[in-house]
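Visitor: I am new to this structure and would like to learn how to read it. Could you walk me through a few features?

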Amino acid sequence: MELLANLALGLETAVTPTNLLFCFAGVFLGTFVGVIPGVGPLAAISMLFPLTFYLDPTAALIMLAGIYYGTTYGGSTASILLNIPGATSSAVTCLDGHPMAKQGRAGVALFMTTIASFAGGSFGIIVLSLFSPLIAEYALTFGPAEYFSLMVLGLVAASTIANAAPSKGLAMVVLGMLVATVGTDSQSGVGRFTFGSMSLLEGFGISAMAMGLFGIGEILSSVGAKRIAKVDKSSAKLLNMLPTKDDWRRSWLPGLRGSSIGAFIGALPGTGPSIAVFMAYAVEKRTSKTPERFGNGAIEGLVAPETANNAADQTAFIPTLTLGIPGSATMALMLGALMIHGIQPGPTLIVDQPSLFWGLVMSFWIGNLLLLVLNLPLIGLWVRLLLIPYHFLYPAILVFLCIGAYSVRANPADVLVVLGFGFVGYAMRLADLPAAPLLLGFVLGPLVEAQFRRAMVLARGDFTAILERPIAGTVLVLSAIVLIWTLVSAVLRRRRGPNPTEEPSSDT
Amino acid sequence: MLDRDYRDIVAGLGLTLAGVAAAAYAGSNYAMGTVSRMGPGMMPVALGVTLAAFGLMISVPALFRKGDTVVLKPRPLVVMSISIIGFALMIETVGIVPAVFFTTVFATFSETRVRLGAALILGAGMTFATWALFIVGLNLPIPAFDWPF
């Protein structure tokens, strides 16, 4: 069994004391930052990103991955106890998780979330280890045209499907790609948009951009604003952690369905966890015999999206690692981290660096296991962390961002670049423009350009030759359908809806 | 409530302007090449034009609907900027310990919720934590103190 041999190799890599330590550190820090209300996975990852620069690639990626699913888990804790989702994917967790907490079942909800995360994550990892080698092998036949078309699909899907205003998402993707052209053109060596500045020849760093857009931008828009609600300390009390027999009986089937939906959606380009959780929740509500219980603390409504979320988190690595095409902004950050360490993910990664690939896969499992053992006893600590007021937290976050920005290249000017991107991020929040597509466009932009130029050379400048290739043509047509469909349906929604910009507060 | 969605109008027009400017600059300064052998200018021009089009798609419909007022908060913006610029100036001139202390304490002035005493304690705590984590723990090559005199 080749798979077993690979998994054994991976286990060997993952359980070395250093890697185990970094996995633990990542999961712990990720949960820690993820619990802070309003700090989503993207902000958390970009904050902790620089910490991994000094590690060797395998350890760095293991730690980053730990941070990634640690933040997801921490986000659910904030959602259940405070009804403040840290990310869109945990917004669904609020629907039934918070009512459970109000009924005094916060302990049960957190316990089941932990179990569901582990189960969903494990399911996703199995799918990841079964399908990655197959996809990678298939992708070996891909040429520039195929890569170009898959990236286009990823960009179009990520900026339109989950966005209320697809034109804004698309504009941000294009802006991200445009920002990415700053610097030396990889094909001709010409410096673009450098305006004679030497330091611009290198282009902007992904970490500076992510820290500015998501870290500083986030702080600037939350500081000085009215806090959403006072922390209800009574709902954070954990009376009883152990679920009843009835809870277990109700949970296992939704968990299985959630895992399957999550694993499937997570692997598709541009969809990711946020769509998976909504679908899993909708499916449970639709198939339930008692749909009226949903929204009032139904455990199915908690378990299904949680398993879906974690399964999708894992399978999102399939396109990122086997094709080098990230499906979401979070995955784009992961890809950026890999490239900083000199690794170009793609179909040859599994064959060329088996210990990195399989070590990572096994570390996912260990990370999920650590989440389980870490979080069940530590829930009390996370709850206490939730009670720290934000005005003590944001200066600390700011300092971490500054040190992180500086430490990347030991250059104080980088701190100012992060500040600049922070202004951009704040302005985008004011203008209601989504920042995640910008980052995705920024990471994929240079790859899209390189593959497109190569494909056009091979096609002798004839674009129809690309469309005539079966895979590339199909994917491009699919992208066009997604593009047109989302734009048209957004217009229709606006026409039909009473008032899309319905505001909760009055205009006094 | 405003009679037009000025937020989206301004955002869309801004993007359109940025796209046109980028396309015009790239088009006049970098070689376009041919379709089969694209030069460095081709992609920026194409992206700039596309961005301009999407900008219009954002701003034009906004002319015909009502919108919310956008509130800009100047105080956090100014205080945070000074706090961050201070860090950038201090890190290599006086060292990480004073830089972190200054940044933490000054950042609390963004709001009026933290009293000075609490801010100083927070600053001292953060300074100790970063010193322990980055200098002692991770052994980063940043000087803890680096007095110029």
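Visitor: Let me start with E218(A): is it buried or exposed?

Guide: This is a predicted model, and in it E218(A) counts as buried because its relative accessibility is 17%, under the 20% cut-off. Its partner R429(A), at 34%, counts as partly exposed.

Visitor: Partner in what sense? What do the side chains of R429(A) and E218(A) form?

Guide: The general idea is that side chains of opposite charge can pair when their charged atoms come close. Here R429(A) and E218(A) meet in a salt bridge, 3.4 Å from N to O. R429(A) sits in helix α17 of chain A and E218(A) in helix α8 of chain A, so the pair ties together parts 211 residues apart in sequence.

Visitor: And where do R453(A) and E449(A) lie?

Guide: First, the general idea: an α-helix has 3.6 residues a turn, so residues three or four places apart point the same way. R453(A) and E449(A) are both in helix α18 of chain A, four residues apart, about one turn of the helix. They form a salt bridge with the closest N and O atoms 2.5 Å apart. R453(A) is buried, with a relative accessible area of 5%, and E449(A) counts as buried at 5% relative accessibility.

Visitor: How many salt bridges are there between chain A and chain B?

Guide: Two are counted between these chains, while the structure holds 18 over all chains. One joins K168(A) and D8(B) at 2.8 Å, N to O. That pair crosses from helix α7 of chain A to helix α1 (residues 6-29) of chain B. Both K168(A) and D8(B) are buried. Another salt bridge links R7(B) with D432(A), their closest N and O atoms being 3.5 Å apart. These four residues belong to a network of salt bridges that also includes D5(B) and R65(B).

Visitor: How much area do chain A and chain B bury between them?

Guide: The size of an interface is often given as the accessible area lost when the parts come together. For chain A and chain B this is about 5700 Å², with 77% of it on carbon and sulfur atoms. F193(A), I403(A) and Y406(A) supply 10% of the area that chain A buries against chain B, more than any other three residues. In terms of contacts, 66 residues of chain A touch 62 residues of chain B.

Visitor: Across that interface, how many residue pairs are in polar contact?

Guide: The rule finds 11 such pairs. On the side of chain A that touches chain B, α16(A) gives the largest share, 12 residues. The residues of that side divide into 42 nonpolar, 13 polar and 11 charged.

Terms used: Residues numbered from 1 in each chain as written. Chains lettered and ligands numbered in written order. Predicted model: local features only at pLDDT ≥ 70, side-chain atom pairs only at ≥ 80, totals over all residues. Heavy atoms only, no water. Contact = heavy atoms within 4.5 Å. Buried area = accessible area lost by both parts, 1.4 Å probe. Polar contact = N/O pair within 3.5 Å; in protein donor to acceptor, adjacent residues only side chain to side chain. Helix = DSSP H or I, 4+ residues; strand = E, 2+ residues; numbered from the N terminus. Nonpolar A, V, L, I, M, F, W, Y, C, P; charged D, E, K, R; others polar. Buried < 20%, exposed > 50% of the residue type's maximum accessible area, 1.4 Å probe, protein only.
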